[in-house]
Amino acid sequence: MKKSPKIALIGNPNAGKSSLFNSLTGLRQKTGNFPGVTMDKLIGKWKLETGDEAEILDLPGIYSIYPKSMDEQVVINILANPKHPDYPDLAIVVADASNLKRNLLLFSQVRDLGIPTVLALNMIDVAESQGIVINSVKLSRELNVEIAEINAKKGIGLNGLRLAVNKTLESGYNSNDSLPMSYSKELVEEIKEKYGDTDDYHALLWLSEHDNLRQFNTQQRIGFDVLQEKYGWKTQEAQSKETMARYAQLNEIVDNCLHEMPVEEEPINTWTDRLDKIFLHRFWGYFIFLGILFIVFQAIFTWATYPMDLIDGGVASLNEFLKTELPNSKLTDLLTDGLISGIGGVLIFIPQIAFLFLFISMLEETGYMSRVMFIMDKLMRRFGLSGKSVVPLISGIACAVPAIMSTRSISSWKDRLITIMVTPLMSCSARLPIYTVLIALVVPEKSSLFGIFNLQGVALFALYLLGFFMALFSAWIMKLLLKVQERSYFIMELPSYKGPRFSHVAITILNSTKAFVFEAGKIIVAISIVLWVLASYGPGDAIEQAEIKVKAENPTLSGIELDNKIASQKLENSYAGVFGKVIEPAIKPLGYDWKIGIALITSFAAREVFVGTMSTIYSLGGEVDDENSTVMNRMRAEINPETGKPMYDTALGFSLLIFYAFAMQCMSTLAITYRETKSWKYPAIQLFYMTGLAYISALIVYQVLK
């Protein structure tokens, strides 16, 4: 069977590489993992002129083959190792035609690695609008490479690119006679003798970047250090000389192939410059950004509510139908309360994920997102974050799951990891039912601040602010503790403003939704089933005896009241109830009893489960619409058996509020953290530090207020 050629898309950030990938592959994409690293790679299929299908790999954006970040290290580990499973048969280097000289530096480095290369000149229309005319035929001859002029966003020039790729694959590669810089032939020959036969430029790359290359073991890296010392090799100096030599060569070529024509308007009068005067204003830029966020935030809440309600109602109706039609058995309970409820817990997030990535993709496509990162970077960097962390943090107010998924736009692994770790501290919408119930218990409804502001509303607003400031504080602590060799740079070329291509937006939404449903979803469903088992079974015959005991002690009860009483007793005697009793000594200093302990355990499925758990524990009935008020009435009437006073007093109420403000009580968030980091270590750390923070904070609040 004929092997499909591997084609890698390589280019500077914002050169249009991802747009080209979407145009070439459409919906024929899948997400994989780069071998040995916790990062995603996008793979797609593209039909060539011969009818064969090529495998297209979209690599992270880089400026040169000498990496400064984790993203760039991923690319170099592929290009530096011909035995790597993702090593390409051909590279398409995507270059911004309006910044040709700078973009050709990376092209010349890839070409000199001996990889068959095609140069795709993107954004020709932008270059022409700036009066830049490129003689592509002459440039192709000078660089000895096939060139295609394209508009990746509009999908123009793809047939020409296909012809260039086919021609290069058929004819093979003709490299230049020599590298543009001087180097020791003796040094290169010794590298080849010790580490394998290769071309000169690969040998020099190994020597410079051996500490960053996973193909070499510790002993081999020590060998490179010995060679550097023997020949007096200084990596930084060598790379600087190489870069200068390449630019000197490229400048001469580009000057012969590029002509700048006069334009009617001065550059300052372009639409991009005019809009940047507003959006990048040191004062109004922040207000415009907050205004856009407010609109996006409101739209996500408003628009996502209807499909989420439909999904929730559909799952509930399906459950009710199955319980009615299927025989009453444990298998039916597992199917309905375990499996289908777990699937519903996955599906209900889809609208929020879709709408969030709709807006993020629109802002990225238009070029505005780069401006947001630019203006916010200086502020966020003080706390160990970057300008790119702003969107995930704000999105976390709606839901931490899509917010953590949106951290993929953060190129620095350190900044991305810190953002993932602190985003769940932002008060999400799932905390709102808990806040509503507990605030009503401890803050008088008719009280006001300065006779104007309702104190219950002020308390709710304060909890959201508390989550934000704690996220910043935690990020600052992690910045001090996290030892990462990679330095965080914020280098960004601001792209011109463009209209969004809606097909690319749709692909982004589809890929993000698929990643959540098929990756994080299977973990959420599995944990849901485990939680159902813990709440449905107990040691020995404890569950059966619980029902007998309730009926014997309450002969006059019937209907919903009896069912709720039985459900409460069964829960107390289930494994979840046993765990509640077991952890009661640990949570006693916070003022909590075993009943609250059960709620703490069950709400790991989702924070809002707290309200439903308390309803079951206190044997509540009544209509669903009255559930919250009934919960509050029952909880308000609960008496502490030790003191004879109301259980939910000010101290306990605020202690629970603080606990749920900080605690990691959401398996969906843990699942998506695992999905994004490809390791259970980070969800475990997240669970440990947030639970510890919640416990200590709730303990202090209770002990002070009691």
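I take contact to mean heavy atoms within 4.5 Å. The model I am reading is predicted.

**Entry: Ser 697**

I started at Ser 697, which is found in helix 30. Leaving out residues up to four places away in sequence, I find that Ser 697 touches Ile 658 and Phe 662. Is Ser 697 buried or exposed? Its relative accessibility is 16%, so I count Ser 697 as buried. I then looked for a partner of its side chain. A polar atom there lies 2.7 Å from the backbone oxygen of Leu 693.

**Entry: the cores**

Next I looked up the nonpolar cores. The largest has 62 residues. Val 422, Tyr 592, Tyr 648, Leu 656 and Phe 659 have the most contacts inside it. Which helix gives the most to this core? I find helix 28, with 9 residues. Other helices that each supply at least two residues include helix 15 (368–381), helix 20 (455–481), helix 25 and helix 30 (681–705). Another core lies apart from this one. I note 57 residues in that second core, among them Ile 76, Leu 104, Leu 187 and Leu 227. In soluble globular proteins, nonpolar side chains tend to be buried together.

**Entry: helix 25**

I went on to helix 25, which spans residues 594–602. How many of its residues are buried? I count 9 of 9. Lys 595 and Thr 602 are among the buried residues, and so are Trp 594 and Gly 597. I also checked the start of the helix. There, a side-chain oxygen of Asp 593 comes to within 3.2 Å of the backbone nitrogen of Lys 595.

**Entry: the surface patch**

I turned to the surface. One nonpolar patch covers about 470 Å². I list Val 533, Tyr 537, Tyr 575, Val 578, Phe 579 and Val 582 as its makers. Helix 24 (residues 575–587) gives the most to the patch, with 4 residues. An α-helix has 3.6 residues a turn, so residues three or four places apart point the same way. I looked at Val 533 on its own too. Val 533 lies in helix 21 (residues 502–536). I class Val 533 as partly exposed because its relative accessibility is 34%, and the partly exposed class runs between 20% and 50%.

**Entry: the whole chain**

Last, I took the totals. I read 30 helices and 11 strands in the chain. Of its 706 residues, 51% count as buried. The chain exposes about 33300 Å², and carbon and sulfur atoms supply 60% of that area. Among contacts with a separation of 6 or more, I find that 72% come from residues 24 or more positions apart.

Methods
Residues numbered from 1 in each chain as written. Predicted model: local features only at pLDDT ≥ 70, side-chain atom pairs only at ≥ 80, totals over all residues. Heavy atoms only, no water. Buried < 20%, exposed > 50% of the residue type's maximum accessible area, 1.4 Å probe, protein only. Areas by Shrake-Rupley, 256 points an atom, 1.4 Å probe, with all protein chains shown as cover. Patch = residues over 30% accessible without salt bridge, like charges linked within 9 Å, V, L, I, M, F, W, Y side chains within 5 Å. Salt bridge = Lys/Arg side-chain N within 4 Å of Asp/Glu carboxyl O. Polar contact = N/O pair within 3.5 Å; in protein donor to acceptor, adjacent residues only side chain to side chain. Core = buried A, V, L, I, M, F, W, Y, C linked by side-chain atoms within 4.5 Å.
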